[in-house]
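Colleague: Please teach me how to read a structure model, one feature at a time. I would like the general idea and then the case at hand.

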Amino acid sequence: MEDFFSLKILDLFRPLFEAFGVEYEKMRLIVNMKLTLDKRKNNSSENKNSLMQSVILYLIIGFVASRIIVMQLDIMTKMTVLFALIFVMLLTCFITDFSSVILDTYDRHIIGITDVKDITLNMAKIVHIVIYISIMSLSISAFSILMILMVYNIGFCLLFILCMILMDFLLIMMTSVIYYLLIKIFKGEKLKDVLNLFQIFMILVFSIIYYFITSSLSDIQINYTFSIKAYDLFIPFMWFASLFCVIFYGKIQTLYIIMSILGIIVPILSIFIYIKLTPAFERNLEKLEQVSYNEKDSKTKKSFVSKLGDKICKNNEEKSFFEFIYINLSRDREFKTRVYPTLASGIIMPLVLLIVTYDRSMSIMEYLKSLSTTNNFLNIYLAVILLQNCILLLKYSKEYEASFIYDVLPISKKKNIYSAEFKVIIIKLFVPVFIIIGIPYLILFKSKFIVHLLIAFVSTIFISMGTFRVNDKSLPFSEDYAVTANTSNFLNIIKSIGFVGVAVLLHYLIILKTPYIFSVAYLILLILIMKIIWNKVFDI
């Protein structure tokens, strides 16, 4: 196996690992094996250059975030905002792409039957994750490091790098401890559901925080001075910002010193806590394999899907794949973990945009009443952009080896598979999102919004068809989740923004100084065109 550069760096810390009772040679061999498998996966035709795509994406995000360094802001405000952006991005990356690694039980079954200690096996997991998180951290902070060197000095830069390392450890250990507590309390199918809900909740909350941070940057005054409060002690990214205030700006107030100490002590202490919990954590992971099966619920779901398929599918082959894809999506927790936060963001963000556009020149009630006279309902197309990720992720599955059935079964036309796939996406994912968004928007924008909601919905189907056509075609559940599947798919979503732009422009032109009847006519025209081109789109 290849002797990776990251392993050579790892060798420098060998005494530290051995001091904690880790069997270093065995751990190094396991990590080497994991990296080799990841390299083969990323070099495969299905996941070619996915890691490089992720690095490029984070470099772009890091470049945008680095402009904070040159802004004329109070140092505490500047570093808090910068660390908050990085913290949120890394946490999102960790939960979406690496939770399955830390909760993986395959190593325990394959390697755990040998004489490898639990702490060695679990530390191999952590090292594996740390290597990739370090790559992402370096990517997202690279431009910030360069900016700091240009604006400040080498000492400032070294402290920033140290804070990034401590933040990485804090994120990994903090999430691991939370997972441990959940695994300790719940078990079986209930545990899997709770883990899914936790991952979705965390990603959604921090995505909203990220949006508010970035949108509020323009509102910060140049002469604004940060005023520290006692509750700031509970905000991790402010711990790291306070280190710069104490060391380079001489702010030795009690709260600054306490937060600085927390920024160093808590990440280091969390490592010791995690190592202490490792044996119990590994034992409790077995609860993930406990399966409970409710035959009655399963039969009810199959009956509903079968009846639904009878009504919307054109032939038996399409109906069979519709039922297959629908039921598999209901059971695939990995898919839910990756897609449901996106769906939740698609619901929340259009509403958040309405809040952000409130300029305080009038009362809140007056502002809400005035919305019915505006075209702000076009914000709903932000959700349309986010929904494109669902189409791209449907090709992945942890049981992708079973995709050989596509070659074995006597499938007459593959377009029946793609057509069934789209119908599942529309019914199971798009419809709930538009219903949930539509209720508050209907209250705010009155009855005229119904037609515009339907236009946006049909436009979403058109946009999704375009996304399908311009990206690589893969059958449902036929590829393995790459380590960086979510981030690489983000680059593909960028391609769909052009389709969204065209749809928004056409929608805006229809409502701009034209009678309401034109909007109704436009909706009817879209539906007729969709019916005509539906089969042609999937005829690959």
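Colleague: Which residues are linked in a network of salt bridges?

Modeller: A salt bridge is a side-chain nitrogen of Lys or Arg within 4 Å of a carboxyl oxygen of Asp or Glu. Here Arg 14, Glu 18 and Glu 25 are linked in such a network. Keep in mind that this is a predicted model, where local features need pLDDT of at least 70 and side-chain atom pairs count only at pLDDT 80 or more, while totals for chains, interfaces and linings use all residues. Residues are numbered from 1 along each chain as its sequence is written, and side-chain values use heavy atoms, leaving out hydrogens and water.

Colleague: How many salt bridges does a search of the whole structure find?

Modeller: The search gives eight. In one of them, Arg 14 meets Glu 25 at 2.6 Å, N to O. Arg 14 sits in helix 2 (residues 14–19) and Glu 25 in helix 3 (residues 24–42), so this pair ties together parts 11 residues apart in sequence. Helices here are DSSP runs of H or I with at least four residues, numbered from the N terminus.

Colleague: Are Arg 14 and Glu 25 buried or exposed?

Modeller: Buried means under 20% relative accessible area, exposed means over 50%, and partly exposed is in between, using a 1.4 Å probe and protein chains only. Arg 14 is partly exposed at 31%, and Glu 25 is partly exposed at 46%.

Colleague: Which residue forms a salt bridge with Asp 310?

Modeller: That is Lys 319, with the closest N and O atoms 2.6 Å apart. Lys 319 also pairs with Glu 323, at 3.8 Å. Glu 323 and Lys 319 are four residues apart in helix 13 (residues 316–331), so about one helical turn separates them. Lys 319 counts as buried because its relative accessibility is 17%, whereas Asp 310 is partly exposed at 47% and Glu 323 is partly exposed at 22%.

Colleague: Now for empty space. How many cavities of 30 Å³ or more are there?

Modeller: Rolling a probe the size of a water molecule over the atoms shows where empty space is left. A cavity is a set of points, on a 1 Å grid over the protein atoms alone, where a 1.4 Å probe fits but cannot get out; its lining residues have an atom within 4 Å of a point. Grid points are joined across faces, edges and corners, and the volume is the space filled by probe spheres set on the points. By this rule the count is one, and the largest cavity has a volume of about 120 Å³.

Colleague: Which residues line the largest cavity?

Modeller: The lining includes Ile 391, Glu 421, Phe 468 and Lys 473. Helix 16 (381–393) and helix 19 (449–470) each supply at least two lining residues.

Colleague: What is special about the phi of Phe 477?

Modeller: Most residues other than glycine have a negative phi. Phe 477 is not a glycine, yet its phi is positive, about 60°. Phe 477 belongs to the loop between helix 19 and helix 20 (485–511), and counts as buried because its relative accessibility is 6%.

Colleague: Is Ile 154 buried or exposed?

Modeller: Ile 154 lies in helix 8 and counts as exposed because its relative accessibility is 55%.

Methods:
1 Å grid on protein atoms, 1.4 Å probe; cavity = no way out; pocket = protein on both sides within 12 Å on 5 of 7 lines; lining within 4 Å.
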